There are 2 protein chains.
Amino acid sequence: MKLSAFPDMGPLAGVKLGAVACGINYQDRNDLFMAELEPGTAIAGVFTRSRTAAAPVLWCRENIAGGKVRAIVSNAGNANAFTGRHGDKTVQDTVTRTAKLFGCPRKQIFVASTGSIGVPFPVDTIPNNLSALKKSVKRDNWLTAAQAIMTTDTVPKGATRTTEIDDAPVTINGIGKGTQMISPDMATTLNFIFTDAKIPAPVLQKLLSRIIDRTYNCITVEGDTSTNDSLFLCATGKAEHKRITDAADPRLRPFARALEEVLRDISHAIVRDATGAKKFVAITVTGAASARAARRIGLSMASSTLVKVGLRIANPWGRMIMAVGKCGERADRDQLSITANGVLVAEHGNILDDYDADRVTKHLKGSELALGVDVGVGRGRATVWTTDCSVGYG
Amino acid sequence: MKLSAFPDMGPLAGVKLGAVACGINYQDRNDLFMAELEPGTAIAGVFTRSRTAAAPVLWCRENIAGGKVRAIVSNAGNANAFTGRHGDKTVQDTVTRTAKLFGCPRKQIFVASTGSIGVPFPVDTIPNNLSALKKSVKRDNWLTAAQAIMTTDTVPKGATRTTEIDDAPVTINGIGKGTQMISPDMATTLNFIFTDAKIPAPVLQKLLSRIIDRTYNCITVEGDTSTNDSLFLCATGKAEHKRITDAADPRLRPFARALEEVLRDISHAIVRDATGAKKFVAITVTGAASARAARRIGLSMASSTLVKVGLRIANPWGRMIMAVGKCGERADRDQLSITANGVLVAEHGNILDDYDADRVTKHLKGSELALGVDVGVGRGRATVWTTDCSVGYG
């Protein structure tokens, strides 16, 4: 399948990015990233729901509701997960020293890590590199930043959109990383999204929580949940429009659409870079009891190893039906229909004797699949994105 | 890993088994199985919770509460799932004709199918072969029966125990099939357990529901749920003890233990025969909030592709912690410990610097793994059984 290209992204008022190499795990490459935000920048975030979340996630969950950010620090190569008290100390020291460097409250500093789980974290490495890191920040440094957060990613990942609020131009720039699966440990998705829009944190958070359910919460590679997944959305407020105070404000609609496109682009770039995968697969579920039910049915198919192997051997139908049935959402067995690239394969609970097998087989052999399943009970719909079975398991 | 051997099983009063070849999918082998039970035999059963369950499962779910059985008919090679009205008609015709052959109510006839999903079922094949099938039944025919229900199984599967109720000898004989994963469609587990004990259906059902949670509900190969999974437990009442009327009756204890052993043996035989798997893996979870929570945590690890691949590359720790965290059950990150074959690998939320890596690596390279995870919040415990990543996914 096609990997996503890194887009041209211009400077964004109020944001500077930097990176240095500190050798936490990798040699001869940047592995420590900083975003500096001008005072007054609002922040919202979403984090893994894991009960064994990494130390930096625990800090962010606790402080995100403060809604203000002055800097974000993130490392690649060690997840700082299952690292006990030492891991917590690393986070505390990083936050304290960064806050001192910027002369801001500690709760305006956010942190993220990605890499191996359960590997002792070198406690002093990040704190000792913070001064150099701060010196490295500059405007218009997106590609360097996107490269510094990579782990098993084969390409840097980013997306950009410009839109308007009240006729004032507004930009959204984002970078992300993740391929879901690394040997010998699990990868993570980290995402840093920036805008110059003037939107307070509670409105930003509402918007983000809604959009995340249609983007990152609709992708899966192998169905597992990282200890470190994090997405930050920072709004510097430098754009020249009147302040937005309500997530339902119709003036926000173009911005919300643009933000959804940025998140969709980066999340798809992650799926496309999944280690070992050969196909990018969109599964659209219709006729479900609700949008939420449709998403659950979709993800049940998209994360089933049996379905994913089936996509490779070009006979996924029985397994798709199995996965619809197993997730517990309502489905009418005798109304269920399936399409492949719009061609009807099954209808009224039967695989059709005379479906256009030539066209369908050709589609399934390709690297960009579009499958549809109607479960015949309501009007809920959702699209989810996944890959064929992604790893040469040996 | 070692496959389970088929045991010597003697006749069981009130049970006859038979098999014929009717060519539904396979050639030159038996593919249709019948169990004939003497009038008055009690039956209990558990079935897949799938919302897209196969036609025979729908019939059984509806009729199992009747509690009486005269015959069971089961085919291999076609799951009769996603086969619409034709599938239902096949079941109805099979039940009607079998009931006529035995001169019993239709609700005393049970059916099961296993094989490909979504392949049209030849409507007349089973009904046309029922007379021959009835003629084939005889006492002491366990191996033939176990072979007739195989699909991708490489060995027939069975287990037997003798025990006592009130000093009277009681026997339990069972056969099963399943390898979980077939190309191009999913396999199923079907299980037929017989005893001469004198236990009414409601007591039998209570006993079964409890034991199934510690046996079949604790095994997983790839975490998917079949449209066809079925287990039947039939009690002919020929043993010479007084009737049992209460599942809590202490006289039942030795029988309950023996039944659990039979179900555990067959369910383990299924895991050991999982297509492509090389390791039999027992994961014991302790310190959970409840036994149920322990099982959920265990199955979260046991069905994670990342963990299963990790077992193959001998570095599963980080992924195990991830899988503990993702299932939503309570776990204390800073109390979590891990053992491999009893050797401590992680303690108090840290991988130990000085654990006995030689012994642990040697154990992980073997084909019979015993892993332990204590999540440090309570006294709930459970053991689950799985394999390493089971399929050469290409």
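In chain A of this predicted model, contacts mostly link stretches that sit well apart in the sequence: of the contacts with a separation of 6 or more, 80% are between residues 24 or more positions apart. Those contacts tie together a chain whose secondary structure comes to 10 helices and 15 strands. Burial fits into the picture too, with 58% of the 394 residues of chain A counting as buried.

How does the overall size of chain A square with that of a compact globule? For 394 residues, such a globule would have a radius of gyration near 21 Å, and chain A comes out at 22 Å, so the two agree. Laid along its principal axes, the C-alpha trace of chain A spans about 70 × 50 × 35 Å.

As for how far to trust the coordinates, chain A has a mean pLDDT of 92, and 97% of its residues reach 70 or more. Where pLDDT is low, the predicted coordinates should not be read in detail. For the complex, the predictor gives an ipTM of 0.85 and a pTM of 0.89.

Helix H5 of chain A, residues 201-212, makes a handy close-up. With 12 residues at 1.5 Å a residue, H5(A) should span 16 Å, and its end C-alpha atoms do lie 16 Å apart, which agrees. Several of its residues are buried, among them Ala201(A), Val203(A), Leu204(A) and Gln205(A). Further along H5(A), Leu207(A), Leu208(A) and Ile211(A) are buried as well. The cover over these buried residues includes two strands, E3 (42-47) and E9 (230-235), along with helix H6 (253-272), each of chain A.

Turning to the partner chain, 50 residues of chain A are in contact with 50 residues of chain B. On the chain A side, the elements that give two or more residues are helix H8 (305-312), helix H9 (317-326) and strand E13 (350-351). H9(A) supplies the largest share, 9 residues. By chemistry, the side of chain A that touches chain B divides into 19 nonpolar, 21 polar and 10 charged residues.

What relates the two copies? A turn of 180° with a shift of 0.0 Å along the axis lays chain A on chain B, with an RMSD of 0.0 Å. That is the relation of a two-fold axis. The same surface serves both copies, as 100% of the contact residues of chain A recur in chain B.

Conventions. Residues are numbered from 1 along each chain as its sequence is written. Chains are lettered from A and ligands numbered from 1 in the order in which they are written. This is a predicted model: local features need pLDDT of at least 70, side-chain atom pairs count only at pLDDT 80 or more; totals for chains, interfaces and linings use all residues. Helices (H or I, at least four residues) and strands (E, at least two) are DSSP runs, numbered from the N terminus. The radius of gyration is taken over C-alpha atoms; the globule rule is 2.2 Å times the number of residues to the power 0.38. A residue is buried if 20 or more other C-beta atoms lie within 10 Å of its own, exposed if 12 or fewer, and partly exposed in between; C-beta atoms are placed from the backbone. Two residues are in contact if their C-beta atoms, placed from the backbone, lie within 7 Å. Ala, Val, Leu, Ile, Met, Phe, Trp, Tyr, Cys and Pro count as nonpolar, Asp, Glu, Lys and Arg as charged, and the others, Gly among them, as polar. The expected span of a helix is 1.5 Å times one less than its number of residues. Copies are superposed by least squares on the C-alpha atoms of residues with pLDDT of at least 70 in both. pLDDT is the predictor's confidence in each residue, from 0 to 100.
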